[in-house]
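Visitor: I would like a close look at a single part of this model, set against the chain as a whole. Please take it slowly and keep the pieces connected.

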Amino acid sequence: MRVGGPIGRLHTPVTVSEAIELLRQTTAAGEPLLVMGGGSNLVVGDTGWDGTVIKMASSEFDIDGELVTAAAGVEWDHLVQATVAEGLAGVEALSGIPGLVGGTPVQNVGAFGTVTSDVLESLSVYDRQTGALERWTPDRCGFGSHRQSVFKHSDRWAVVDVTYRLRRSNQSRPIEYAELAAKLGIEVGGTAAPADVRHAVLALRRGRGMVLDPRDHDTWSVGSFFINPVLAEVPELAGECPRYPDVKGTKLPAAWLIEHAGFPRGYGRDWGSGTVALSSRHALAVTNRGAATTSEIMKFAAHIREGVEARFGIRLGPECDLVNCSF
Ligand SMILES: Cc1cc2nc3c(=O)[nH]c(=O)nc-3n(C[C@H](O)[C@H](O)[C@H](O)COP(=O)(O)OP(=O)(O)OC[C@H]3O[C@@H](n4cnc5c(N)ncnc54)[C@H](O)[C@@H]3O)c2cc1C
């Protein structure tokens with residue numbers, strides 16, 4: 001979001017072993033630690049963060065048959081592009097998502113009906129509490145409910161590398177997302193060449209301002225700022241809202257709630273200082289129009305949350321990680 005402030009110390013380990021050594025040293029020294037990938041899902045307070053940041057920069061990856069192992073510092077979309085070029089299917093629908101490989105299990109990144117846990121084989125995690133480096137299978141990661149995992153809201157584990165099991169195939173995973181199927185000219189549930197799916201996904205994402213472009217303020221965001229709420233019971237006030245099953249209850253689209261609470265796309269240009277607004281192409285993206293501060297972003301987010309709560313009785317929370325700031 002291009003906001004934040006100064007940090008104490010920055011390390012950018014370029015190999016997995018260097019990353020592990022730095023994690024060991026910083027943990028042993030008892031320093032506050034922020035493990036960071038691309039920073040695409042972070043909002044940091046204006047006063048910054050007085051601690052150590054380890055920004056994963058390890059860029060090795062290996063394709064062995066249908067198994068793809070990538071260090072935490074590999075750029076996610078670079079990996080997707082490489083697997084599609086190698087004739088592997090499985091992650092094509094996750095094209096264009098910013099950030100690094102190590103960040104993907106944290107909120108079990110997903111788009112267009114695919115989540116990374118669908119293809120996750122195993123991952124290496126450094127446990128800062130025990131000092132052990134462990135190989136985990138997906139069942140330990142706490143996936144299930146929308147965008148959740150044991151890694152989210154915890155700084156105990158650092159993801160060091162991830163292995164995905166893809167398929168050598170010229171056909172994608174079945175496309176269950178109607179808009180993507182329509183773009184590809186196929187039926188929902190049909191398949192297409194992974195390269196065509198990647199192409200279609202990038203086009204759809206660009207249309208929503210969801211592919212990073214420094215010239216385009218609609219992309220100066222964290223993607224979805226608010227998380228789709230999962231409720232045990234949907235309040236009557238939200239009776240008209242579309243709903244989807246989730247292991248923990250019913251999931252409602254936060255974008256629908258925001259738009260129907262009176263906050264259309266682009267809302268905010270005439271509110272406050274006008275430097276923070278909803279994206280003109282997606283109501284879930286809070287965007288920096290050029291000179292925003294975190295404090296303005298927090299005020300704006302609180303304003304949207306209050307409006308949605310007043311209209312539907314549902315309190316929205318953040319999907320992004322708020323570091324040294326809150327609303
Ligand atoms: C324009 C835009 C579009 C987006 N679209 C999508 C989308 O379609 N689907 C989706 O799911 N997300 C989306 N996002 C959100 C974001 O891209 C993902 O959450 C991504 O996985 C974040 O990766 P990162 O490397 O940038 O993580 P960061 O922002 O650096 O970190 C995010 C969190 O993960 C933790 N973390 C990062 N790396 C590690 C590690 N190696 N070990 C342990 N913890 C770690 C951090 O401490 C922090 O809590 C979008 C963001 C933007 C800006």
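**Helix α4 and its setting**

Guide: In this predicted model, residues 24 or more positions apart account for 62% of the contacts in the protein chain with a separation of 6 or more. With that in mind, the part to look at closely is helix α4, which runs over residues 194-207. Its 14 residues reach 20 Å from the first C-alpha to the last, close to the 20 Å expected at 1.5 Å a residue.

Which residues of α4 are buried? They are Pro194, Val197, Arg198, Ala200, Val201, Leu202, Leu204 and Arg205, a list in which two arginines stand beside residues such as valine and leucine. What covers these buried residues includes two other helices, α2 (76-85) and α3 (178-184), together with the strands β7 (88-89) and β8 (110-111). Just after α4, Gly209 takes a positive phi of about 70 degrees.

The strands β7 and β8, named above as part of the cover of α4, also frame a loop, and Val106 has its place in that loop. Val106 has a relative accessibility of 28%, and therefore counts as partly exposed, since buried would require a value under 20%. Leaving aside neighbours within four places in sequence, Val106 is in contact with Gln148, Ser149, Phe151 and Lys152. Of these, Lys152 lies 46 residues from Val106 in sequence, while the two C-alpha atoms are 5.3 Å apart in space.

A useful counterpart is Thr163, which is found in strand β12 (residues 157-165) and is buried, with a relative accessible area of 5%. Not counting residues up to four places away in sequence, Thr163 touches Leu67, Val68 and Thr69, then Val119, Leu120, Glu121 and Ser122, and also Arg135.

Returning to the whole, the secondary structure of the protein chain comes to six helices and 19 strands, and 52% of the 327 residues count as buried. Because a compact globule with 327 residues would have a radius of gyration near 20 Å, the 20 Å found for the protein chain agrees with that expectation. The C-alpha trace spans about 50 × 50 × 40 Å along its principal axes. The accessible surface comes to about 14500 Å², of which 49% belongs to carbon and sulfur atoms. As for charge, the mean positions of the 31 positive and 38 negative charges are 3 Å apart.

Key: Residues numbered from 1 in each chain as written. Predicted model: local features only at pLDDT ≥ 70, side-chain atom pairs only at ≥ 80, totals over all residues. Heavy atoms only, no water. Helix = DSSP H or I, 4+ residues; strand = E, 2+ residues; numbered from the N terminus. Rg over C-alpha atoms; globule rule 2.2 N^0.38 Å. Buried < 20%, exposed > 50% of the residue type's maximum accessible area, 1.4 Å probe, protein only. Contact = heavy atoms within 4.5 Å. Areas by Shrake-Rupley, 256 points an atom, 1.4 Å probe, with all protein chains shown as cover. Lys, Arg positive; Asp, Glu negative; His and termini not counted. Charge placed at Lys NZ, Arg CZ, Asp CG, Glu CD. Expected span 1.5 Å × (residues − 1).
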